[in-house]
Each structure stands twice: as structure tokens, then as C-alpha cells.
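Thanks for coming, everyone; I would like to take a few minutes to walk through one model, beginning with how its chains meet. Please have the structure open while I talk.

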Amino acid sequence: MHPFGVPIGVWINAFLTLCILSFLYKDNPFFRFAESLFAGMSLGYYIGIVTENTLRPNLFRPLAQNFWGNVLLLIPMALGIMLYFRYIPSVAWLARIALAVYIGYYVGVYLMQKLHGDILFQSRDTIVSLRAGGVDTLWNIIVMVGVFSVLIYFYFSAEHKGALGKVSKLGIYFLMISFGASFGYTIMARISLLMGRFSFLVNTWLRPIISS
Amino acid sequence: MDIQKLLYIDRRIIYLLVAIGALIPIIRPIGLPVVPTAPVKGLFNKIDTLGPDDAVMISFDYGPSSEPELNPMAAAILRHLFIRKVRVLVVAIFPLGGVSMAIQQLERVSQEFDLQYGVDYVNLGYKDGGQAPMKAMGVSIHDVFPADVDGRPTDEMSLIQQVVNYDDIDVVISLATGVIGEWWANLINAQFGVDVAVGCTAVSAPKYYAYLRSGQMIGLLGGLKGASEYEKLLIDRYPEARELYGKPEEAKKSAITGMDVQSIVHVIIIAFIIFGNTMYFALRRSQRR
Amino acid sequence: MRRTLPLFLTFVVGMFPIFAFFVPHRAVSDLNQQLDTWLVIVAAFALPLGVVNLVGSNITKIKRKQKGWPYSIVLLAGLSVMAFYGIMGGEQGFHPKFQYMFVNMVSPLQATMFSLLAFYVASAAYRAFRARNIEATVLLAAAIIVMLGRIPFGDMLTGGRMTPLSEWIMTKPNAAAQRGIIIGAALGAASMQIRVILGIERTYLGKGQE
Amino acid sequence: MRLWYAFIMIVVCFNVWFGSDALAVEIEDFAAQDTPSDGGQSIDLRWVATGRGKVFILRSTARDSAFSVVGEALASDGAYTDFGVEEGVNYYYRLGWMSGGDTLQTHTVGPAVAKSNWFRKYRSNALVTTALMFFLVITFVNRAKKGHPLYIRRIAGLSSIDEAVGRATEMGKKILYIPGILSLSEIQTIASLSILKHIAKLTAIYGTDIEVPNKDPLVFSAARETVREAYLEAGKPDQYREEMVTYLTYDQFAYAASVTAKMVREKPATNFLIGSFFAESLILAETGQAVGAIQIAGTADIPQLPFFVTACDYTLLGEELFAASAYLSHEPVLLGSIKAQDVMKAIIMVVVGIGIVTYALGSEFIKNLLLTR
């Protein structure tokens with residue numbers, strides 16, 4: 001089906017795009033329709049993704065092909081099912097076991113990432129050279145002052161008064177420069193997204209209609 | 001006075017002007033100049049020293065929502081690598097759509113060159129598990145990807161036979177949204193010492209600058225501007241690239257055209273900020289009287 | 001037991017990846033990898049928790065003919081059709097209809113919602129970037145310089161000075177501030193993570209009815 | 001005849017020109033041993049070479065026979081890591097190189113065995129950091145438990161939480177609490193839940209309406225528990241309704257669409273955006289701003305901070321989010337851990353400070369100490 005020389009899929013795509021864009025003017029039934037459809041379909045999409053990409057290849061298929069060889073997979077399955085015990089008052093506490101395992105593991109993983117990848121790494125990097133030469137030394141000093149003043153801004157054990165207050169104020173200026181700069185830098189990305197949509201509407205949808 | 005009204009102008013007027021500013025260059029491109037910056041040159045110059053004996057891994061770590069920014073980047077980098085005959089291994093770590101991005105871009109660019117699959121380049125496809133496969137490739141790429149994206153066994157491919165792990169790879173380039181590019185920089189570079197460059201959306205670029213400064217990354221392409229700078233470097237250096245980007249259907253998709261839209265909308269937003277501040281000071285002055 | 005077992009498990013399971021971080025022994029890394037895949041499976045089981053709630057509340061809406069109930073029908077229809085074809089995929093991957101609906105419906109909805117940001121950054125910039133006080137002025141100045149540095153127009157206006165200046169802001173003061181936030185946030189996160197492992201922080205577990 | 005002569009000369013020259021490197025290779029101190037700090041995947045080879053050229057790595061499981069080429073390296077590299085080995089097997093190695101058409105080999109070294117090791121030595125610095133952090137948290141938490149007074153400055157923005165709840169109460173409108181879009185695997189989400197508990201207690205006491213829409217199903221179920229408990233602890237279990245915590249959808253942007261639609265239709269007086277956020281941050285915050293809600297945000301996702309700062313009334317930046325969640329619980333024990341953070345921060349600044357000074361004096365000792373792999 002190609003009404004006006006454009007595939008029906010493109011028509012649907014364009015219609016839904018316009019429905020969402022209409023929200024900029026105000027909330028309206030078209031947006032509400034698209035929003036509800038979006039909520040439903042996206043959840044359905046993830047049901048498909050989870051079944052197809054996680055449960056089938058990592059759980060069902062191994063169990064079906066070689067049950068005893070993969071019998072340990074029953075452990076995560078049991079943990080997954082335990083999440084639902086929350087709704088049965090007598091065994092509700094078992095749901096917390098699944099949660100405890102899930103949270104515990106990731107907390108451990110990310111703890112090391114923070115301490116190793118973030119703290120050690122960034123600290124090492126703050127050891128800048130004061131002998132870089134010329135203007136580079138000055139820039140390195142600025143970086144050093146910036147890191148220290150921001151860290152002092154995040155210092156909770158003392159009231160920010162006097163010298164501490166001044167340094168922490170400097171930290172705020174560094175933060176403001178960073179936020180302003182990041183904001184300004186990002187505008188670009190956001191416009192790119194809009195461009196992608198507009199270019200679809202103009203080049204993929206409207207142009208073929210006009211030329212047909 | 002009406003200054004108050006002007007200050008709290010209906011946001012829909014801003015929306016309308018932004019929309020018009022974005023539409024005009026799409027309907028009729030303008031062509032404004034581009035100046036390459038150091039973080040982009042960092043990656044470009046590195047690749048410019050590589051040749052047929054070298055290998056580069058590109059990780060497609062983005063989904064459809066970041067296409068407009070990262071597709072031109074992927075195309076430009078792939079073209080550069082293929083022009084220099086560097087061998088390319090493509091992987092995908094991002095679960096939602098990374099692999100289809102890889103297929104799309106590789107299909108589009110590889111047909112412009114005379115390449116042999118499995119020898120000059122290979123698409124290993126998606127691997128679940130985030131950091132786990134990334135780390136495991138430090139030992140053996142083949143073990144992580146026993147089959148390529150289409151299920152063909154990789155042990156028969158000369159490229160995978162020769163490129164065992166990160167030791168045989170000159171640069172890993174992650175085209176990333178969100179956190180995966182960071183993992184490459186702070187996990188894989190830190191653990192295996194392989195050079196990492198990241199092409200990211202403009203929004204994550206500021207955070208990546210910290211990694212760039214610390215030497216965890218050798219290059220950084222931020223958003224469409226980074227891509228357009230890379231295109232510019234490529235077009236200036238290689239006549240075959242100039243020819244490629246000269247084709248009208250490629251020009252339309254290029255980051256350089258995208259920059260036209262960027263420029264106009266940026267100017268509109270800056271004009272609004274200046275207007276807002278002018279009104280604000282005018283209001284303050286009138287209130288002081 | 002009901003109270004201590006979950007806390008004990010959090011401790012043991014939480015210490016394991018830390019242990020694995022330092023111990024390269026194959027037995028340890030294999031078990032760690034196994035845990036990784038297991039927990040992805042556990043997370044997958046959680047999805048129906050949400051689905052049941054969403055379906056339930058929309059059915060109630062329709063039954064009671066609450067305001068906007070027809071939209072609940074749209075939602076449920078979208079959900080069931082998409083989920084049906086999502087589960088219908090075979091060994092070769094997803095059902096073609098599932099992919100068609102993703103490409104022509106879900107994906108454009110995502111992209112358009114995302115693209116609204118182009119408008120929102122404009123309105124937020126207009127409202128927030130006012131030289132009200134020193135801090136706001138610093139914010140405003142940094143933003144404008146970087147915005148000009150991102151477009152060719154800025155360099156045309158200043159004889160090529162805008163791009164280097166904006167790169168300088170990004171790589172020097174901005175990177176310094178970012179690094180400060182990264183270290184601070186990592187410390188905050190690490191201390192909280194240790195609290196969780198040690199069972200000091202336990203809001204997330206809930207007390208339950210014991 | 002002359003032609004022949006010229007030809008021979010050319011061949012000789014070629015040999016000298018291209019073969020010279022290979023001819024000059026001389027290998028000393030060739031040794032093979034298990035790669036330290038790994039999982040038994042490889043064996044390290046080391047040698048000292050004079051001259052340049054390529055060397056081949058020959059490997060066998062027998063001392064004297066069946067050597068085959070398993071890799072190649074530049075002689076000048078002086079090292080090679082052989083990943084093609086099985087754990088626990090005895091391997092013997094030789095180096096070979098071409099010399100004017102002949103293949104020369106070193107003597108055999110070995111046996112070398114790839115072993116799984118029990119400690120990554122190069123991560124000793126991380127081990128010290130981890131131990132120190134644990135030690136500090138435990139120490140200060142114990143101090144707090146024993147009743148040592150710990151001073152923590154007022155965290156700006158916390159009082160604004162109470163104000164924001166108060167405003168919603170006065171206006172008789174609802175509070176929207178958005179706990180971020182990541183699952184419970186993210187520590188920010190856990191921090192968010194403990195802040196939610198505090199806020200839910202306030203709404204229970206004041207009788208204000210609260211709604212917590214969710215993207216992640218695990219967070220949804222934990223948030224439900226949290227809010228119910230908060231109402232229980234506030235002595236208002238009868239006011240708790242299941243609809244206070246709802247599930248929307250698993251998609252980031254569909255979630256953003258549903259929440260913004262909610263904001264526009266229900267016009268909440270106050271929005272809390274606390275947890276882990278990505279691109280949807282500004283969609284939510286700007287819509288909330290447009291409908292006139294008071295907004296308090298908190299995240300450690302650095303790319304989103306600028307948007308929250310510009311569109312919200314108050315933003316908890318990075319570490320403040322974690323500190324706030326500890327502070328609000330009003331348990332002195334948790335204050336101890338904030339203190340631990342501060343001490344660690346001071347230690348970092350001192351170490352980095354000394355590092356900068358010694359680095360300027362020409363020592364890279366501290367810099368190398370912090371090297372991460």
C-alpha cells in the first residue's frame with residue numbers, strides 16, 4: 001500500500017510524529033492518543049525484548065536443551081519468582097531475599113568502579129605538572145584550583161565561613177561555568193534530534209508526496 | 001509597562017521560531033564553514049598513521065535515538081579507516097539497537113570500497129553483559145565472539161585469527177550514548193592499555209573531557225560538530241573522500257549540512273537570551289525610577 | 001532470621017564482586033560472570049510486576065468509565081498487540097510484525113519525544129540565562145561562549161577566537177569542576193554502598209510485616 | 001659476465017640491506033614464566049636482544065621436540081605474552097629468527113606453567129583505598145552510635161523539601177515524586193527511596209496527596225513498600241492507597257511522555273526529581289516548570305545537572321544527593337558515614353597536594369602510586 005506514492009509505514013510514522021509535536025502547542029486528544037499508544041506499545045516491546053534477548057537464550061533454551069547441565073539456572077529463576085512472594089503475606093519476607101541478592105551484587109560491582117575508576121583515576125589526574133611551561137602551567141593551576149574548590153564546596157563537616165566559605169564560593173563559580181558550558185554544548189545535540197525528525201518529515205514523507 | 005509581558009513571552013513563540021530555523025536549511029542547505037578542533041584531530045591523526053598491518057575496533061554503543069549525531073560520525077570514521085586500508089572489527093555492546101546501527105553503517109560504507117569480509121573487516125555483532133564481554137576481549141576476542149553477526153564461525157576468518165585480543169588492536173573507538181563510552185575509557189584503557197577514542201552525543205561530551213585530559217582517551221568527537229570536523233579533515237586530506245561527500249544524497253546526510261541547521265537555531269537561541277537580558281535590565285531600570 | 005537473612009545475603013553477595021576485583025583466579029572470575037548473567041535473569045522476572053499494575057489500573061479505569069477511559073483501551077490494545085508479537089518470535093529472532101511496529105511506531109515516538117528537547121532547551125535557556133547575580137552571569141557567559149564556539153558563526157564574528165576559547169572552557173575549568181563532582185559523587189556513592197553492604201542502610205528492603 | 005657480476009652485487013646488497021637486522025640479532029637472558037596477577041590465561045616471555053628484526057615464538061609441550069611457531073614479535077620488544085596456553089600444562093619455549101636463509105633458534109627454556117593467581121598486585125592501591133573507605137565508614141558510624149557529637153553543616157536544599165511539601169499542602173494539590181529511571185542496581189535509586197520515605201512521612205502527617213510514577217518494576221515494588229511503611233510509621237496507615245505508587249512503562253521516553261502528560265493534566269504543586277536521570281531530565285523539568293510547580297531535583301548523573309539547575313528551584317548536586325538521604329533519615333549513625341566521606345575527601349586532597357608538589361620537584365612516586373589498571 002502506497003497512498004500518494006509513500007509506504008503506509010511512513011504515513012503512520014509521520015502521523016505519530018505530528019501527534020507528539022502537537023503537545024508543544026498544548027495537550028490535545030491527538031497527543032493523548034499517541035502518548036497512550038506509546039506507553040502500551042513500548043511496554044509490549046520490552047516484554048518481547050526481555051523474552052527474546054534474555055529469558056529465551058539465557059534461561060529457557062539452556063534448560064530445554066540440557067536440563068541437568070544447566071540446573072543451576074534454577075537459582076536465578078527461583079529468585080525471580082520469589083519477587084512475587086511479596087503478595088502472599090505468609091512468605092512475603094522471601095521477596096526480600098531476591099532483592100537483597102540483586103542489590104548486594106550490583107552495590108559491590110559499582111563500589112569498585114567508583115573507588116577504582118573514579119576516585120583513584122581522577123585523583124591521579126589532578127596531580128598536574130607545575131612545570132609544564134608557560135601558559136600551560138597557569139592552566140594546570142586553574143584545573144587544580146577548580147578540583148580543590150569544588151571538593152571543598154562538597155565538604156559537609158564545617159560551616160562554610162571565612163576562608164573555607166571563600167574557597168567554596170569559588171567552587172560554586174567553577175560549577176556554574178561547568179553547567180553553563182555543558183548546557184551550551186548540549187543544545188547542539190538536541191537540535192540534531194529535531195533535525196532528524198524534520199528531515200524525515202520533509203525528505204521522506206512530504207517530498208515524495210509533492211513529486212508524485 | 002509592556003516590558004513585563006515581553007519578559008514572560010509565551011514559550012510557544014520560542015518553539016515556533018526554533019521550528020522555522022530548523023526547517024529552512026533542511027529544505028534548502030546553506031553551507032557555512034567548519035574549523036577542526038584538537039580532540040577531533042587527536043583521533044584523525046592517530047588513524048592517519050595506521051595502515052594495512054593495523055587493526056581498529058569500533059564499538060557501536062548507541063541506538064536509534066542518537067542516530068542523527070552518531071551516524072555521520074560512524075560513516076566518516078569508517079571511510080577514513082577503509083581509505084587507509086586499516087582492518088576493522090565492529091562490535092556492539094549497547095543492548096537497544098547498537099547492532100542494527102552497526103549493520104546499517106557498515107553496509108552503507110563498505111560497498112563504497114573494495115573490501116573482503118573476514119579479511120579487511122568483520123561485524124561481530126552484539127554481546128550481552130556490558131562490561132563482561134568488554135573485559136573478556138582482553139584475553140580473547142574469539143572466545144567472546146565465536147560467531148559473527150550472521151552466525152558465521154569467526155575462527156575461519158583470517159582477521160580474527162590474527163587479532164587475538166586488545167594487544168593486536170591499535171585503537172578502540174566507541175560510538176556511545178550514555179555510560180558505555182566511559183567504560184571503554186576507564187575500564188578497558190585502564191586495564192589493558194589500549195588506546196581509546198570516543199565519539200559521543202554532544203550531551204555526554206563535557207563529561208568525557210575529563211577522560212580526554214587524563215589521557216584515558218586519545219580523541220573525542222562531540223556530537224554533530226565533532227562529526228562535521230572529522231568530515232572536513234577527511235575531505236581536505238583525501239580526494240576520494242571529497243568525491244564521496246560530493247554526491248547529493250550523501251551531502252544531505254552529512255554532518256556538515258547538519259551544522260547549517262545548528263548554526264541557525266543557535267543564533268535564534270542566543271538572540272532570545274540577549275533579548276531576555278535586555279528586557280530584564282530595562283525592567284529593572286524602570287522599576288528603580 | 002527474616003530480618004537478618006536478607007542483610008546477611010546482601011553482605012555476602014556484595015562482598016563477592018569486591019573480592020573478584022582483586023582476585024584474578026579463574027574460579028572466582030567464572031563465578032562472578034555467572035552471577036552477572038543470573039541477575040539479568042532475575043531482573044527480567046520483575047517486568048510482570050509492573051505490567052500487572054498497569055493493566056489492572058487501566059482495566060479499572062475502563063470499568064468505572066473514568067475520565068479519559070477510551071485512551072486506556074488504546075494503551076491496552078498497543079500493549080497486547082506488541083507483547084503478543086514480541087513473544088511470538090521464533091528461533092530466527094523477532095516476528096516481522098514486531099519489527100515493523102517497532103520501526104514505524106515505537107521508534108518514531110521515541111525519537112520525536114526526544115526531539116522535543118530542542119524546544120525545551122531553547123525555552124529553558126531563554127528563562128534561566130539572565131544576569132540576575134554573579135553566579136547566574138557566570139553561567140550565562142560560559143553558555144554563550146560555548147554556544148558560539150559550537151557554530152561557524154562565532155568564529156566569523158571574532159576572527160577564529162571563539163572555537164579555541166570554548167574548547168579552553170570545556171577542557172580547563174569545566175573539566176576541573178566535572179572532576180570535582182565525579183570524585184565527590186563517587187565518595188558519596190561509595191559510602192552509601194558500604195552502608196548497604198554492611199546493612200546500615202536498609203530502607204530499600206522495607207521492614208515488611210513480621 | 002658484467003651483467004652477472006652486477007646481479008650478484010645487487011643480491012649481496014639486498015642481503016646486507018634487508019638481512020642485516022636479522023643477522024645481527026642476538027638473544028640473551030631468555031626466560032618464560034607465568035603471567036603474574038592473572039587468571040591463568042597466559043605465559044610471559046622475556047629476553048634481551050641486540051639488533052633488530054623479527055623473532056618467532058616457538059612452543060612445545062616437550063623439552064626437545066615438536067616445537068611449532070605460535071607467534072612473532074620484534075626482537076627489540078624484548079617481551080611477548082602467549083595467550084594460547086592451557087592452565088596447568090608444562091610448556092617449553094624457544095625463540096627463532098631468520099639469518100641469511102637459515103633459521104636460528106635459542107636454547108629451550110621452561111617448563112613454564114600458566115597458573116591462576118590469587119591477587120592482582122597492580123591493584124594494591126585500590127585495595128588500600130577500599131579498606132580505608134570501609135574503615136572510615138565503620139569507625140565514624142561506631143562513633144556516632146556511641147553518641148559522639150558529629151557536626152554536619154546544614155545542607156542547603158533540605159529545608160526546601162519541607163517548604164515544598166508545605167506548599168502542596170496549602171494549595172491542596174498533589175506532589176509528584178519521580179525516583180529516576182534506573183533500577184535498584186543503581187545506588188542513586190536507593191538514595192532516592194530513602195528520601196522518598198522522608199517525604200512520604202511528611203505527606204502522611206499533613207494529609208497531602210502524593211504520587212510516585214515508576215519506570216522500573218523493581219523500583220516500583222520497592223517504592224510501594226517504602227511509601228506504605230512511611231504511612232505506617234507516621235501513624236496514618238489508613239490514608240495509604242495503592243494508587244500512590246504506580247507503574248507506567250519501561251521505555252525512557254514513553255515514561256517521559258506519560259509523566260509530562262500527568263503534569264499538564266493534574267498540575268501538581270510540587271515535583272521531586274530525585275535519582276538517576278538521562279535525556280528525559282529536561283523534558284520532565286521544563287514541563288514541570290511550565291505548569292508552575294515547585295521543583296526539587298537531585299542526581300549524580302553529571303550530564304543532567306545543568307538542566308536541573310536551570311529548570312528547577314533547587315538541585316541536590318552529586319554528593320549532596322547521598323548526603324541528603326543520610327541526613328534526612330535523622331539517624332545519627334548515617335551522619336557518621338557523611339563524616340567518613342569528608343575525611344576521605346581531606347585525605348584525597350592531601351595526597352593530591354603532596355603529589356603535585358613532589359611532581360613539581362621531579363618525583364612521580366605519588367602519581368605512580370595512584371596508577372589504575
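Two residues are taken to be in contact if their C-beta atoms, placed from the backbone, lie within 7 Å. This is a predicted model, in which local features need pLDDT of at least 70 and side-chain atom pairs count only at pLDDT 80 or more, while totals for chains, interfaces and linings use all residues. Residues are numbered from 1 along each chain as its sequence is written, and chains are lettered from A and ligands numbered from 1 in the order in which they are written.

On that basis, 41 residues of chain A are in contact with 47 residues of chain D. On the chain A side, helix 2 (29–65), helix 4 (93–126), helix 5 (135–153) and helix 6 (162–211) each supply at least two residues, helices here being DSSP runs of H or I with at least four residues, numbered from the N terminus. The largest share, 13 residues, comes from helix 4 of chain A.

Let me turn to a pair of helices. The axes of helix 7 of chain C (residues 162–197) and helix 9 of chain D (residues 319–328) come within 7 Å and cross at roughly 30°, where axes are lines fitted to C-alpha atoms over the stretch in contact, and angles run from 0 to 180 degrees between N-to-C directions. Among the residues making this contact are G184(C) and G188(C) from helix 7 of chain C, and L321(D) and F322(D) from helix 9 of chain D.

Finally, the domains, whose bounds come from an automatic or database assignment. Chain B is divided into domain 1 (3–29 + 261–288) and domain 2 (38–253), and their centres, taken over C-alpha atoms, are separated by 38 Å.
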